Amino acid sequence: MSDFVGKVVGAASQGAVGAVVAANLSAVTEPIVNAMLVKRITFAEALKELDPQKIAKYLQTTLSTNFIKFPFFEVTNMLVGGVQLPPTLKGALTGTVFCTTTLPITNYRFRKSMDMEITASSLYQAYGPTVLRDIIYGITRNKVMPFMVGLNPEMANTNLGRFVNMFVTVIAACVISAPGNELRGYCLQPPDRKQAFADFFQPAKFVRSTSVGAVIMAISLGIGTLATPQVEKLVAKVKEYLAKNPIGILLIVLFALNQIVEKRRHSDLVMALEDKHDVSPGPDAKAMAKK
C-alpha cells in the first residue's frame with residue numbers, strides 16, 4: 001500500500017511539474033498552434049495575431065487546466081499499467097478514460113485560445129477524433145516507453161535517461177497520433193471559415209501544426225520525470241516520520257482545515273466589500289454631496 005501511494009504521488013508530481021512547464025510554453029505557443037491548425041495560416045501570420053495581454057490572461061487558463069489534465073493522465077496511465085492487459089488495450093483504455101473525462105476542459109481551453117464562444121454543446125465537440133487521437137497516443141506511450149527503457153536499463157535510472165526516454169516516447173506518441181489531431185482540427189473549424197477537406201489536409205500544414213505541440217509536450221513531461229524520484233523519496237520520508245510521530249497527522253489536518261476556513265472567510269469578506277461598494281447612495285447622501 002505504501003509503495004502504491006508513492007507511485008501515485010510520483011506520477012501526479014511528474015504531471016504537475018510538466019503542467020507548469022507546458023502552461024508557460026503553451027500560453028505563447030498554443031494560440032499560434034491552434035491558429036495554424038484550424039485557420040491553416042502560416043507561422044508568421046499566426047505570430048502577428050499574438051497579443052501580450054491575451055497571453056498573460058491565457059496563462060491563467062493553461063495553468064488551471066494543465067494542473068488537472070497532466071497529473072490525471074499520468075496517474076491514469078500508471079493505474080492502468082498495473083492491470084493485467086496487453087499494452088495495446090492498456091493504451092486504449094487510458095486514452096478513452098482520459099479523453100471522456102477531460103474533453104470539456106480541452107475544448108474550453110481551445111475556444112479560449114481562439115476567442116470563440118463557449119457553450120455547453122461545444123464542450124464535447126469533436127469527441128470522435130479526439131478520443132481516437134488519445135487512444136493512439138496512449139497505445140504508443142505504452143509501446144515506446146518499455147522499448148526505450150529496454151535499450152539501456154542502467155541509463156533509464158539516471159536523470160538523463162529518464163528525460164531522454166520520456167522525450168522520445170512523447171515525441172513518438174504525438175507524431176503517430178497527429179492524424180487524429182488534424183481530424184479534430186478539421187471538425188473544430190468555425191462554420192463561416194470552414195475549408196474543404198482537400199484544402200485543409202496538406203503535408204506542410206500538417207508538419208507545421210504537429211511539430212510545435214509535440215516538442216512542448218515532450219520537453220514538459222521530460223522535465224517532469226526529473227521530479228518524480230525526488231517526490232517519491234520525500235513521500236517515503238514523510239510517511240516514515242508520521243509513523244513515528246502520529247500527532248503530526250493531526251497537525252496537518254488542523255492546518256488544512258484552518259486554510260479552508262481562512263479562505264472561506266476571505267471570500268466572504270471580499271463579497272461583503274463588493275456588495276457594499278455596489279450599494280447606491282441614498283437621497284440624504286446625494287444631498288450632502290451637493291452641499
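Tutor: Let's start with a term: on a 1 Å grid over the protein atoms alone, a pocket is an open set of points with protein on both sides within 12 Å along at least five of seven lines, where lining residues have an atom within 4 Å of a point. A volume is the space filled by probe spheres set on the points, which are joined across faces, edges and corners. The model here is predicted, with local features needing pLDDT of at least 70 and side-chain atom pairs pLDDT 80 or more, while totals for chains, interfaces and linings use all residues. Residues are numbered from 1 along each chain as its sequence is written, and side-chain values use heavy atoms, without hydrogens or water.

Student: What is the volume of the second largest pocket, and which residues are closest to its centre?

Tutor: The volume is about 360 Å³. Of its 18 lining residues, the closest to the centre are Lys54, Lys112, Ser113, Met114 and Asp115. Helices (DSSP runs of H or I, at least four residues) take part too: α1 (2–39), α3 and α4 each supply at least two lining residues.

Student: What makes the Phe73 and Phe98 pair edge-to-face?

Tutor: Rings of Phe, Tyr and Trp (its six-membered ring) pair if their centres lie within 6.5 Å, and planes over 60 degrees apart count as edge-to-face, under 30 as stacked and the rest as tilted. Phe73 and Phe98 have centres 5.2 Å apart and planes at 90°, so they meet both cut-offs. Phe73 sits in helix α3 (residues 52–81) and Phe98 in helix α4 (residues 87–113), 25 residues apart. Both residues are buried, and together with Phe72 and Tyr137 they form one aromatic cluster.

Student: Why is the pair of Tyr186 and Phe197 called edge-to-face?

Tutor: Their centres are 5.5 Å apart and their planes lie at 80°, so the name fits. Tyr186 belongs to helix α8 (residues 178–187) and Phe197 to helix α9 (residues 197–200), so the pair ties together parts eleven residues apart in sequence.

Student: How do you know whether Tyr186 is buried or exposed?

Tutor: Buried means under 20% relative accessible area, exposed over 50%, and partly exposed in between (1.4 Å probe, protein chains only). Tyr186 has 17%, so it counts as buried. Ala126, in the loop between α4 and α5 (127–151), is buried as well, at 13%.

Student: What makes Lys194 a charge over the ring of Tyr186?

Tutor: The rule asks for NZ of Lys or CZ of Arg within 6 Å of the ring centre and within 35 degrees of the ring normal. Lys194 lies over the face of Tyr186 at 5.1 Å from the ring centre. Likewise, Arg184 lies over the face of Phe110, at 5.8 Å.

Notes:
On a 1 Å grid over the protein atoms alone, a cavity is a set of points where a 1.4 Å probe fits but cannot get out, and a pocket is an open set with protein on both sides within 12 Å along at least five of seven lines; lining residues have an atom within 4 Å of a point.
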